[in-house]
Amino acid sequence: MIRMGRASTAAVVAVAALAVVPAAAAPASATPAPQATTCRPLTDAKAKAHAAATKREATLDQLVGVLHARQDPFGLNGPQATTLQNAKAGITALDQQIQSTCYTAAADLAADAAKLLDDYRVYWLRVPQTHAIEAADRLAEVRAKLGDAAAKLAPHVGSNAKAATDLQAMNASLAAADAMLGTAPTPAPAVAAVTTLQPAHDMTADDNVLNAARADLQAARAALVDARNHGLATVADLRG
Amino acid sequence: MRGSRTRLIAGLGALLCTGALVAGCGSGSTHATPPTAAPTHVSAPTSTPAPSTTPSTTDAAVSAAAQELGGAGASLDDAGKAIDQSDENATKGEEGSAP
C-alpha cells in the first residue's frame, strides 16, 4: 500500500478540482449551443397571400389589355401599361419571397403579405387610374368623330337658319368638352395628373386627384352628348 | 328657162334663211354657204360654285355626318362605363379596409 504524503495529497485534490470544469465557465467567443429554429408552416396564410398575388397579377394583365386595345391619342396608355407591367413583376417577386421564406412568427408573414396591398394598391389605385385613362381615350375618339361630322355639315348649312343655329350650338358644346378633356395630344391638367399617382398607405391625396379627374371626364362626356344631339338636330334641319 | 330656175333657187335659199343664222343669207347669194359655227367663248364665272352645294353632294355629306354621329353614340356609352370604373370607391375592395 502506497502511503501519500500530505503535499502529494493536496496536489491530487487540486488536479481533481481542475478536472471539474463547470460548463458555465466556457470562453465567451465560442459558438453558443444552437437553439431550435423552427419554420412555422403557416400554410393557410401563405396560400392566402399567393391567391391575393395571383388575383392581382391577373387584374394587371387585364388592365394592360384594355390600354393596348385603344388608340392612345394623349400618349398616356403606353406609360401606364409599363407601370402596370412593372407592378406585376414586383408582385410576382414578393409572392415568391413569401412562399420561400422561413417564417418563425405569423406576424412576419402578415407584414410581408400586407405589402401586396399597401405597396401596389392594385384595386384602390391602378384599376380606377387605368379606367380614367381609358375614359379619356374613348372620349377623345368621340370628340374626333363629332368634329368630323361638324366639318361635313358646315358647308351645307347655307341659309338654313335653324341648321346654322344647331350647328353653332354643336361647336360650342365641342369647345366645352375640349376645356375638360384637352385636345389630343395634350390632355387637360386633371386628366394628366391621374397618370402621376403612386400607391400609398394613406390614399387621401390620390383619391382627391382621381375624383377631380372623374368629375372633369363626366363633364366632358356630358358636353359631347350635347354636341352629338345638336349635330343630329342639324342633320334633321338639312334633311327637312 | 334659166330665169325660172334662178327664181326657184332664190326661193329655196329664202326658205333656208328663214329663222336661221346662216352666213350669206343677207347677201342674196344663191349659193348656200356652210354655216359657220357661232362663237363658243364662255367667260369664266366670278365665283366657282362649291361642288358640295349641289343637292347630291349635300345629301352625301349630311349622310356621312349622320353616320359619324350615329357611331359616336356607342363610343359615348363605352366612355361612360370607363368613367364609372374609375371610381375608386367601387373598386378598392379589401384594400379600402387595409390598416
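A residue is called buried here when its relative accessible area is under 20%. That cut-off serves throughout this tour of a predicted model.

**Chain A, overall**

Begin by displaying chain A alone as a cartoon. Its secondary structure consists of eight helices and two strands, and along the sequence these run α-α-α-α-α-α-β-β-α-α. Buried residues account for 38% of the 240 residues in chain A. Among contacts in chain A with a separation of 6 or more, 78% join residues 24 or more positions apart. The accessible surface of chain A is about 12,600 Å², with carbon and sulfur atoms contributing 60%.

**Helix 2 of chain A and its two flanking loops**

Next, select residues 43-68 of chain A, which form helix 2. Its 26 residues, at 1.5 Å each, should span 38 Å, and the end C-alpha atoms are indeed 38 Å apart, so the two values agree.

Which residues of helix 2 of chain A are buried? Show side chains for A:Lys46, A:Ala49, A:Ala52, A:Ala53, A:Arg56, A:Glu57, A:Thr59, A:Leu60, A:Leu63, A:Val64, A:Val66 and A:Leu67. A general point helps in reading such a list: an α-helix has 3.6 residues a turn, so residues three or four places apart point the same way. To see what lies against the buried residues of helix 2, add helix 3 (77-100), helix 4 (106-118) and helix 5 (122-157) of chain A, against which they pack.

While helix 2 is in view, select A:Lys55 and A:Tyr123. The charged end of A:Lys55 is placed over the ring of A:Tyr123, at 5.1 Å from the ring centre. A search for aromatic pairs, by contrast, finds zero over all chains.

Now move to the loop between helix 1 (6-19) and helix 2 of chain A, where A:Leu42 is located. A:Leu42 is not a glycine, yet its phi is positive, at about 45 degrees. Its relative accessibility is 14%, which means that A:Leu42 counts as buried.

Then select A:Asp72, in the loop between helix 2 and helix 3 of chain A. A:Asp72 also has a positive phi, of about 60 degrees, without being a glycine. Is A:Asp72 buried or partly exposed? Its relative accessibility of 24% makes it partly exposed, because buried requires a value under 20%.

**The largest nonpolar core**

Select A:Leu116, A:Leu139, A:Leu146, A:Met170, A:Leu217 and A:Leu224 and show them as spheres. These residues have the most contacts inside the largest nonpolar core, which comprises 66 residues. Two or more residues each come from helix 2, helix 3, helix 4, helix 5, helix 6 (161-181), helix 7 (189-194) and helix 8 (204-239) of chain A, together with helix 2 (55-85) of chain B. The greatest contribution to this core is that of helix 5 of chain A, with 17 residues. As background, nonpolar side chains tend to be buried together in soluble globular proteins.

Centre the view on A:Leu139. Leaving aside neighbours within four places in sequence, which residues is A:Leu139 in contact with? In chain A they are A:Leu181, A:Leu217, A:Ala220, A:Arg221 and A:Leu224; in chain B they are B:Leu76, B:Ala79 and B:Ile83.

**Helix 6 and the two strands of chain A**

Continue to A:Asp166, which belongs to helix 6 of chain A. A:Asp166 counts as buried because its relative accessibility is 12%. Apart from neighbours within four places in sequence, A:Asp166 contacts A:His230, A:Ala233, A:Thr234 and A:Asp237.

From there, go to A:Pro185, in the loop between strand 1 (182-183) and strand 2 (186-187) of chain A. The peptide bond that leads from A:Ala184 to A:Pro185 is cis, with omega near 10 degrees.

**Chain B**

Finally, display chain B. It contains three helices and zero strands, in the order α-α-α along the sequence. Of its 99 residues, 21% are buried. Chain B exposes about 6,900 Å², and carbon and sulfur atoms supply 62% of that area.

The last stop is B:Ala90, in helix 3 (residues 88-91) of chain B. With a relative accessible area of 61%, B:Ala90 is exposed, since exposed means over 50%. Select B:Ala60 as well: B:Ala90 and B:Ala60 are 30 residues apart along the chain, and their C-alpha atoms are separated by 45 Å.

Conventions. Residues numbered from 1 in each chain as written. Chains lettered and ligands numbered in written order. Predicted model: local features only at pLDDT ≥ 70, side-chain atom pairs only at ≥ 80, totals over all residues. Heavy atoms only, no water. Helix = DSSP H or I, 4+ residues; strand = E, 2+ residues; numbered from the N terminus. Buried < 20%, exposed > 50% of the residue type's maximum accessible area, 1.4 Å probe, protein only. Areas by Shrake-Rupley, 256 points an atom, 1.4 Å probe, with all protein chains shown as cover. Phe/Tyr/Trp six-rings, centres within 6.5 Å; stacked < 30°, edge-to-face > 60°. Lys NZ or Arg CZ within 6 Å of the ring centre and 35° of its normal. Expected span 1.5 Å × (residues − 1). Contact = heavy atoms within 4.5 Å. Core = buried A, V, L, I, M, F, W, Y, C linked by side-chain atoms within 4.5 Å.
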